[in-house]
Amino acid sequence: MPIHLDHNATTPLRPEVREVLLEQWDAGLGNPSSVHGAGRRARAVVDEARERVAAALGVDEGEVVFTSGGTESDNLAILGGHGALSGRGEPARVVSSRLEHPAVVEPVRRLGAAGARVEWVGNDAVGRIDPAEVAHAAGDGAVLVSLMAANNEIGSTNDLGAVRAALGRREGLLLHTDAVQALGRLPISDILAHVDLASLSLHKVGGPLGVGILLRRAGARVAPRTFGGSQEAELRPGTENAAAIAAAAVAVELAVQETEAFAARSRALLADFWRDLVAVLPDVHLNGPRLDDAARLPNTLNVSFVGRGDARMLVTRLDLAGLEVSAGSACASGSLEPSHVLAALGIAQERALSGVRISLGRGTTAAELSTAVDILRRTLGGTT
Ligand code: PLP
């Protein structure tokens, strides 16, 4: 079996979640909108899942909108938040950062192309953003600020409490966060306390693929982007996947319960891994926050191996050697482009092109990480 160190991409289904998924799948649930018994049973399953998610996250049931995943939640928050708040007068102002996931960057860009005034706030060399700069960019006219809780590529985090303090609270301004990588890895209620909208994705924490959540705090106005049904407070019309939603609720509960233990364990494992990696490949570069920086994801490491080829090639070679990691770079129009996140850090092109992401999961062991160091040493030709 290969060693899988790409848990920021997706995670294996947890057995507790699988059990609920299969049980509900086989339970003959109907359409939750149907009035007959099978429909009512499905409705009860969705209602119970919503209650459990709300309790686990410390929010109100009415604040939980089930979606198909992080991408849909981000799009709904951004396009729907802007749609609800932009008037007919001046172009609405939207603030975000170049470190965001494409599920945020792309809808924000589209708003810009359609006439919104988009402000991209800057960041420092390890991905930190200055809350005062966010407030300055928002001025007193922004309708939406979208800043991720934790970055999927380099593990940097945003202090949303400080962002909120700098922005203040006012009618007509929404603070959205993509918290997809934060759930189960950082204390989620500390994040949710400061925002109006938050996106979550359950396949990142051992839940089923195809279920996400948009948390819409009471009073936050979001306009629907899809139409044709009244499900999920008319924000996400379409027949609910009751079995997957029930399973996802279990994943949320477990992720929240285990956050502290997972973070402590991952932090320790990652520190040892980095120490061992530097010992065999001394010219490795760390991209993003230092490992002893408290404001970072505990499970994510982004490293560059300069002079040993581009990341796509490195990832393929490592895959053949039995180690699954991911590359930030992508081939665009025939030429290799560095990851937009590494490019935004301002690091040299060759280093950005060789950036590789390593992300730990709940099943990752010290033995796997020590084999991973060995594979990296053998594949990339370090010292012995
Ligand atoms: N946002 C972040 C930060 C992510 O890491 C991802 C997934 O990689 C997404 C959004 C998209 O989530 P999903 O795969 O559920 O659409």
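In what order do the strands of the open sheet of seven strands run? Here are the close-ups, starting with that sheet; keep in mind that this is a predicted model.

**View 1. The open sheet of seven strands, end to end.** Reading across the sheet, the order is β2-β8-β7-β6-β5-β3-β4, and the pairing is mixed. At the edges sit β2 (64-67) and β4 (117-121), each of which pairs on one side only. Going from one strand to the next, the twist averages 20°.

**View 2. Zooming in on β7 and β8.** Strand β7 (residues 197-201) and strand β8 (residues 212-216) pair in the antiparallel sense, with five bridges between them. To find your way along this pair, start at Leu-197: its bridge partner in β8 is Arg-216. Helix α2 (residues 37-57) packs on the sheet here, where it touches β7 and β8 as well as β2. The direction of helix α2 makes about 120° with that of β2.

**View 3. Helix α5 on the sheet of seven strands.** Look next at helix α5 (residues 131-138), which packs on the sheet and touches β3 (93-97), β4 and β5 (142-146). The helix α5 direction makes about 155° with that of β3.

**View 4. What surrounds the ligand.** There are 13 residues around the ligand, and those that come nearest are Gly-70, Thr-71, Asp-178, Ser-201 and Lys-204. By type, the shell splits into eight polar, three charged and two nonpolar residues. Helix α3 (residues 70-85) gives the most to this shell, with three residues.

**View 5. Side chains reaching ligand oxygens.** Three side chains are worth picking out here. In Thr-71, a side-chain N or O atom is 2.6 Å from an oxygen atom of the ligand. For Lys-204, a polar side-chain atom also lies 2.6 Å from a ligand oxygen. His-101 has a polar side-chain atom 3.5 Å from an oxygen atom of the ligand. How much of the ligand does the protein bury? On its own the ligand exposes 390 Å², and the protein buries 85% of that.

**View 6. The open sheet of four strands.** This sheet has the order β9-β10-β15-β12, with antiparallel pairing. Its edges are β9 (285-287) and β12 (326-327); each has a single partner strand, so one side of each is left without a neighbour in the sheet.

**View 7. β9, β10 and helix α8.** Strand β10 (residues 300-304) runs antiparallel to β9, and three bridges join the two. One pair to look for is His-285 with its bridge partner in β10, Ser-304. Helix α8 (residues 242-280) packs on the sheet and touches β9, β10 and β15 (355-359). Its direction makes about 15° with that of β10.

Notes: Residues numbered from 1 in each chain as written. Predicted model: local features only at pLDDT ≥ 70, side-chain atom pairs only at ≥ 80, totals over all residues. Heavy atoms only, no water. Near = heavy atom within 4 Å. Polar contact = N/O pair within 3.5 Å; in protein donor to acceptor, adjacent residues only side chain to side chain. Areas by Shrake-Rupley, 256 points an atom, 1.4 Å probe, with all protein chains shown as cover. Nonpolar A, V, L, I, M, F, W, Y, C, P; charged D, E, K, R; others polar. Pairing = 2+ DSSP bridges. Axes fitted to C-alpha atoms, helices over the stretch in contact; angles between N-to-C directions. Contact = heavy atoms within 4.5 Å.
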